[in-house]
Amino acid sequence: MLKAARLASGFGSQEGLAAALTAAADELGLRGVSIGPRQVRRWESADPPWPQPHHQQILTHVLGLRMDELGFVAPWSEGEPPPDRRRPAPPRRPTAAGSRQRPTHPSSVASDYVAVTVAHRRLYWSVDPAHLLASVQEQVGLGALLLRETDGTVRDRIAGALAESALLAGRIEFFDLRRPDAAAETFTCALQFAGEADDQLLGAAILAHAAFVPGWAGDREGATERLAAARAYARRGSAPAFMRAWIDAVEAECACRCGDANAALGLISRAEAELAADDDQQPVPDWMNWFTPVRLAAFKGNTELAAGQVKRARVTLSAVLDTLPATDVKQRSVVLGDLAAVAVAAGDVEEACRLAEAALGELSRTWYATGMDRVRDVRRSLRQWQDQACVRSLDDRLYGWATTLNAISLR
């Protein structure tokens, strides 16, 4: 909840908030008090420590929220129910009592803000994720401030773009940098902003993304609950078949991660049927650029592999690789990793190493933690052949300077 307050107050990084808190200490007459990014990081953890009294004074002064609204639970309140962390109050800056800040921007501010969000949407596919995340977080902080300085249709447009930016930040944290706890918090913020825009389809997309967090951790019940909510939002928003099929694909991946590959295959078949029966061809939101029929086939190939259907998986994934555009570097790294796993299952060690090295080649162009996970899984499955020349060659590539530093710095 502190992270949500930080972003909504315009501090796109923990370092920025730490600097503001330290500066505020002087304003409040608390001489010699210094707060660093590490302290902010501890406060933003899943179980934050109760801040010292002078830190409480500074936090509430800068962010304009009570301690419980920032997610802190007093140690003496163990007998009382803690605040509901699933529904944090929308963060706000302090204003004069009973007053509402008047709009101070021209109507063009909405178009300008949306343009940056759209640019980030395109940049996601090729820009280093850590660098892009910093820019997107700044965009989220700016948008949260603009919500308080605009109204009417201008405010609605900014709210929609802001929700999309927060969703993108969560996607980067989860898929690209493998920070599931941070992503879960960011998805919560994104849902709040989608509520400000009253955008049902964006809400459905955010909730389905939020299902990945428990789903990949093996918590099927948690994933199912979020997906049920996503489907409710999708119904209210008259979601196109394309989005309904994607939600089925998300549930399929979560089911597969929870060990139920057969159920996952059934869900993928349902998604394929929905796309095939989509006669109306309803328009798909511009922001939904992460799903295509080819990506559904990639879901299917990975699930077939998990179900032990090695031959089918090879056919499916090979067709995907032939169809994917060369610019889709992130997805290519995942598919190459899956094909390498297929080769291992078939006992073809040299082919597995060749495909894994090809995946590493894609990752050297654009880092993607999900793709690297696939390569590491393949390498672990090759332990009994680790003295073979092809495996040693793979190790030389896997544990080179660039990939090792990326793996360490992004965890």
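**Close-up views of a predicted model**

**View 1. Val213 and its neighbours.** With a relative accessible area of 17%, Val213 is buried, since the cut-off for that label is under 20%. This is a predicted model, and here we're looking into helix H9, residues 200-216, where Val213 has its place. Leaving aside residues up to four places away in sequence, Val213 touches Phe174, Pro180, Ala184 and Phe187. Arg179 is worth finding here too: 34 residues separate Arg179 and Val213 along the chain, yet their C-alpha atoms are 9.6 Å apart.

**View 2. Thr117 in helix H5.** Thr117 belongs to helix H5, which covers residues 108-123. Its relative accessibility is just 2%, so Thr117 counts as buried. Who's around it? Once residues up to four places away in sequence are set aside, Thr117 is in touch with Gln139, Ala161, Glu164 and Ser165.

**View 3. Helix H13 against helix H15.** Here helix H13 (residues 293-306) meets helix H15 (residues 329-345), with axes that come within 10 Å and cross at roughly 25 degrees. Angles under 35 degrees count as roughly parallel, so that's the label H13 and H15 get. The crossing of H13 past H15 is left-handed. On the H13 side, the contact is made by Arg295, Ala298, Asn302 and Leu305; H15 brings in Gln331, Val335, Asp338, Ala341 and Val342. What's the mix of nonpolar, polar and charged residues in this contact? It comes to 5 nonpolar, 2 polar and 2 charged.

Technical notes:
Residues numbered from 1 in each chain as written. Predicted model: local features only at pLDDT ≥ 70, side-chain atom pairs only at ≥ 80, totals over all residues. Heavy atoms only, no water. Helix = DSSP H or I, 4+ residues; strand = E, 2+ residues; numbered from the N terminus. Buried < 20%, exposed > 50% of the residue type's maximum accessible area, 1.4 Å probe, protein only. Contact = heavy atoms within 4.5 Å. Axes fitted to C-alpha atoms, helices over the stretch in contact; angles between N-to-C directions. Parallel < 35°, antiparallel > 145°, perpendicular 65-115°, else oblique. Left-handed = near helix turned anticlockwise from the far one by under 90°. Nonpolar A, V, L, I, M, F, W, Y, C, P; charged D, E, K, R; others polar.
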